[in-house]
Amino acid sequence: MKGSIASLDLSAFLLQPWQDDPAGYGWIVLMAFLVTLSCGLIGNYLVLRRMSLVGDAISHSVLPGIAVAFLVSHSRDPWIMSIGAIAAGVLTTFLIENIHGRSRIKQDAAIGITFTTLFAIGVIIITVFAGKVDLDQECVLYGEITFIPFFDYVSLFGRPIAPQPVFVMALVTLITAGLIMLFYKVLLVSSFDSGLAGSLGFNQRMVHYGMMCVLSVVVVSAFESVGAILVIAMLILPGVTAYLITYRFPIMLVLTVVHALLSAFIGLHLGIWLECSMAGSIVVAGSLLFVLAWIFSPSQGLLRRVLYRFRWRENAETQAGGSPA
Amino acid sequence: MILSRAWAWCLLICCLTQPVFADRIGDVVDTHVWEQAARFFTFRDPSLRYALAGALLLGISCGVLGSFIVVRKMALMGDTLSHAVLPGVAAGFLWSGTKDPLVILVGATIAGLLGTFLVSVIRQTTRIKEDACMGLVLGSFFAVGICLLTRIQKMETGNQSGIDKFMFGQAAALNADDIRLMALCTVVVLLLVSLCYKGLLAASFDQDFAVSLGLPVRILHYLLMGLLTFSIVVSLQAVGVVLVSAMLITPAATAYLLSDRMHRMILYAAGFGTVSGALGVFLSFQGNNLPTGPFMVVGASSFFLIAFMIAPRHGLVVRWLRRLRRSRRIQFENTLKGMHRVLEDRDFVGDGVSLRELAELRRETIEDVRKRVRALVRAGQATLGEDGNMAYFTPDSRSTAMRIVRNHRLWELYLTNEANYDADHVHDDAEKIEHVLGEEIVRQLERKLNYPAQDPHGKRIPGIQEIQEDGVRPAAAGAGLGYGESR
């Protein structure tokens with residue numbers, strides 16, 4: 001099978017695309033960056049609050065929300081899709097909390113039951129109304145960034161500024177970043193010390209539900225580019241990579257941006273080289289960055305651990321040898 | 001007799017109206033709903049038989065393994081594994097060049113085990129929490145799988161029609177080989193789980209204990225994960241990547257609500273798994289090209305919802321009813337106690353208590369008191385006089401009232417004498433505990449306080465003899481009020 005992968009010709013894979021079609025690839029990279037960034041920003045909080053798998057749950061359970069929204073409105077307007085997604089996201093959060101809080105079922109099982117049920121209902125809606133819904137389960141499970149139409153430009157003041165999907169994604173990213181800046185303190189305190197947040201008078205439930213709403217919108221706008229399952233990786237990867245490198249939260253947010261940028265670029269070229277799905281290769285690039293951080297992290301990396309242990313043993317040996325028996 | 005004749009007619013009608021055999025479920029749909037349902041029960045279509053057998057086998061193996069992961073709080077490990085096997089499926093396909101189920105199975109199992117291994121390594125060597133590890137492995141492995149799959153599509157030999165089955169699953173497309181594989185898997189699961197049952201049980205509930213017994217906890221963990229991966233891979237064809245985790249979690253969680261014993265939980269989980277599997281096949285048989293997996297999941301979730309509401313011990317409605325009954329009992333006892341105190345204040349002259357006196361004592365309006373007494377009368381714990389203004393004890397309720405007063409005053413005395421409370425601080429506490437003290441504890445209190453006659457406020461404490469003389473069995477009165485439920 002080795003012969004089917006093209007040999008690594010750097011100029012062909014790094015420079016050729018930018019010479020041939022700079023605009024097209026530019027939009028793809030920008031879109032990938034925006035998707036990874038908005039997912040990563042909200043994902044940081046998920047990782048810190050130990051709710052990574054709630055992200056998994058919501059990415060699946062928005063399906064019935066958008067299916068119903070589509071059935072009712074017959075349009076793929078991002079606003080309507082977002083409303084459907086928010087409704088489904090809130091419902092998911094509510095169900096998880098209630099199953100977990102009102103019975104002896106643990107949180108992980110509650111998450112599993114909720115999202116699989118909602119996903120199943122979504123699939124049933126889509127298949128039963130197959131004629132009326134212009135969605136299929138495959139487009140939700142796998143999205144593909146290269147299939148996004150980048151020719152429908154949004155105009156502002158009579159001048160076209162960006163293709164519509166990129167524009168919407170940028171808006172979502174801006175809103176996410178803006179909300180994080182606005183509620184920075186509240187989110188920080190409630191993520192690290194919920195007791196303190198409670199005593200300061202922050203409404204934890206509101207924070208939780210608000211975050212889930214933002215998460216639902218981010219997830220649904222990322223669907224078209226990456227699909228429901230790769231979104232989970234995009235939510236978690238930037239956060240955990242940064243978490244391995246730094247102990248400080250603001251730096252973690254900055255590293256998220258760096259991670260998003262790097263994985264968008266590397267992913268694009270990886271995708272061109274291997275001729276495979278661009279969405280997949282962006283996530284693979286992100287995972288590679290994680291592996292690098294895991295090995296080489298200055299404070300907690302595997303390499304440092306090994307070196308530390310080695311040096312420690314060496315010290316112990318010299319001390320043992322130097323001292324009189 | 002009539003029933004069997006009706007059944008025979010049914011069969012006859014089915015045979016006459018439906019002479020064709022469908023190759024796949026859902027190919028024949030031009031029939032009425034009832035005919036289609038009846039057709040289901042004839043089991044004539046081979047594809048239906050395969051689908052049903054697959055669903056039943058799947059329900060058993062997923063139910064058994066799901067019970068273990070649910071009690072281990074690793075429910076989402078199933079979800080992680082079902083996604084993490086994708087690169088294995090793709091690599092197996094690349095390796096063999098065809099859709100050879102055995103190679104794909106081996107590849108997928110290896111990928112799943114690698115995923116499990118990575119989750120535990122990342123968790124042990126970094127400060128990342130388990131949930132993030134699982135999400136990480138899930139997403140990354142899936143991405144690698146997607147990349148490989150899209151490569152396969154680009155290749156000339158890339159006839160990947162079989163691969164889609166792994167993603168979404170269609171029980172209707174199962175064939176005899178698949179069923180044989182699923183049966184093998186179920187047998188292996190049942191065999192290994194029953195062989196290692198004791199060890200798995202100990203390792204699942206109390207890891208330290210299992211270690212101290214010298215059990216190979218780590219090997220047991222990987223054994224469970226290996227079985228899980230194996231049965232997930234085998235089940236993927238029937239229900240697909242996302243919904244296989246539902247078949248693992250939901251029946252097991254339903255069983256968890258119904259039982260506190262592991263072996264019973266496993267039985268229930270396997271039962272719910274098979275029933276919802278069969279239900280899914282039945283429902284998807286009713287329409288054109290309906291997917292089987294989602295209907296199975298919705299079936300399993302409905303069972304969960306029912307158990308969540310009315311499970312005998314843990315059900316929401318059941319607990320709500322229990323709480324309602326308890327608060328009703330406490331209200332009754334408070335009213336009876338009020339009646340007793342009114343009588344006591346006038347040195348037990350006369351039998352009846354007027355509502356007015358009771359209202360003054362309890363500082364409530366007459367209307368409220370009337371409502372309370374009426375409720376007592378309805379429950380047969382008091383009688384009302386002719387004019388409706390006088391309440392009378394029944395023999396049963398008089399002893400209840402005395403028992404409550406006795407509990408109250410003994411407790412007050414205990415708090416002042418033994419716990420050094422001030423006499424004016426003990427009433428509220430006693431007001432709460434008087435309803436939950438059992439006969440046994442009251443006897444102990446009495447013995448400890450050396451059979452006192454007066455409480456800290458100088459009121460008389462009714463003795464056990466008095467209560468018994470009123471012609472009632474005190475122990476039974478206590479037991480009948482359901483102290484056992486209060487836990």
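Colleague: What share of the contacts in chain A between residues at least 6 apart in sequence join residues at least 24 apart?

Modeller: In this predicted model, 71% of those contacts in chain A join residues at least 24 apart in sequence, and for chain B the corresponding value is 68%. Chain A, with 325 residues of which 52% are buried, comes to 13 helices and two strands, while chain B, with 487 residues of which 53% are buried, has 23 helices and three strands.

Colleague: What makes Gly43(A) count as buried?

Modeller: Its relative accessible area is 0%, and a residue is called buried when that value is under 20%, so Gly43(A) meets the condition. Gly43(A) lies in helix α2 (residues 22-48) of chain A, and its C-alpha is 9.5 Å from that of Thr256(A), although the two are 213 residues apart in sequence.

Colleague: How do you know which word, parallel or perpendicular, describes α3(A) and α10(A)?

Modeller: The axes of α3 (residues 52-73) and α10 (residues 204-245) of chain A come within 8 Å and cross at roughly 100°. Angles of 65 to 115 degrees count as roughly perpendicular, and the two helices are therefore described in that way. Among the residues that make the contact are Val54(A), Ile58(A), Val62(A) and Ile66(A) on the α3(A) side, and Leu215(A), Val219(A), Phe223(A) and Ile232(A) on the α10(A) side. Sorted by class, this contact has 15 nonpolar, five polar and one charged residues.

Colleague: Why are Cys276(A) and Cys147(B) in no disulfide?

Modeller: The sulfur of Cys147(B) is the nearest cysteine sulfur to Cys276(A), and it is 3.5 Å away; seen from Cys147(B), the nearest is likewise that of Cys276(A), at 3.5 Å. A disulfide is assigned to sulfur atoms within 2.5 Å, so a pair at 3.5 Å does not qualify. Over all chains, the structure holds zero disulfides.

Colleague: Are these two cysteines, Cys276(A) and Cys147(B), buried or exposed?

Modeller: Cys276(A) has a relative accessible area of 8% and is buried, and Cys147(B), at 9% relative accessibility, counts as buried too, since the cut-off is under 20%.

Colleague: How do you know that the span of helix α18 of chain B agrees with its 13 residues?

Modeller: Helix α18(B) covers residues 366-378, and at 1.5 Å a residue its 13 residues should span 18 Å. The expected span is 1.5 Å times one less than the number of residues, and the end C-alpha atoms of α18(B) are 18 Å apart, so the two values agree. Within α18(B), Val369(B), Arg370(B), Val373(B), Ala375(B) and Leu376(B) are buried. The buried residues of α18(B) pack against the helices α16 (316-345) and α17 (355-362) and the strands β2 (382-384) and β3 (390-393) of chain B. After α18(B) comes Gly380(B), which has a positive phi, near 75°.

Colleague: Why is Asn334(B) called buried?

Modeller: Its relative accessible area is 16%, and the limit for a buried residue is under 20%, so Asn334(B) falls within that class. Asn334(B) belongs to helix α16 of chain B, and, leaving aside its neighbours within four places in sequence, Asn334(B) is in contact with Arg362(B), Glu431(B), Glu434(B) and His435(B).

Key. Residues numbered from 1 in each chain as written. Chains lettered and ligands numbered in written order. Predicted model: local features only at pLDDT ≥ 70, side-chain atom pairs only at ≥ 80, totals over all residues. Heavy atoms only, no water. Axes fitted to C-alpha atoms, helices over the stretch in contact; angles between N-to-C directions. Helix = DSSP H or I, 4+ residues; strand = E, 2+ residues; numbered from the N terminus. Parallel < 35°, antiparallel > 145°, perpendicular 65-115°, else oblique. Contact = heavy atoms within 4.5 Å. Nonpolar A, V, L, I, M, F, W, Y, C, P; charged D, E, K, R; others polar. Buried < 20%, exposed > 50% of the residue type's maximum accessible area, 1.4 Å probe, protein only.
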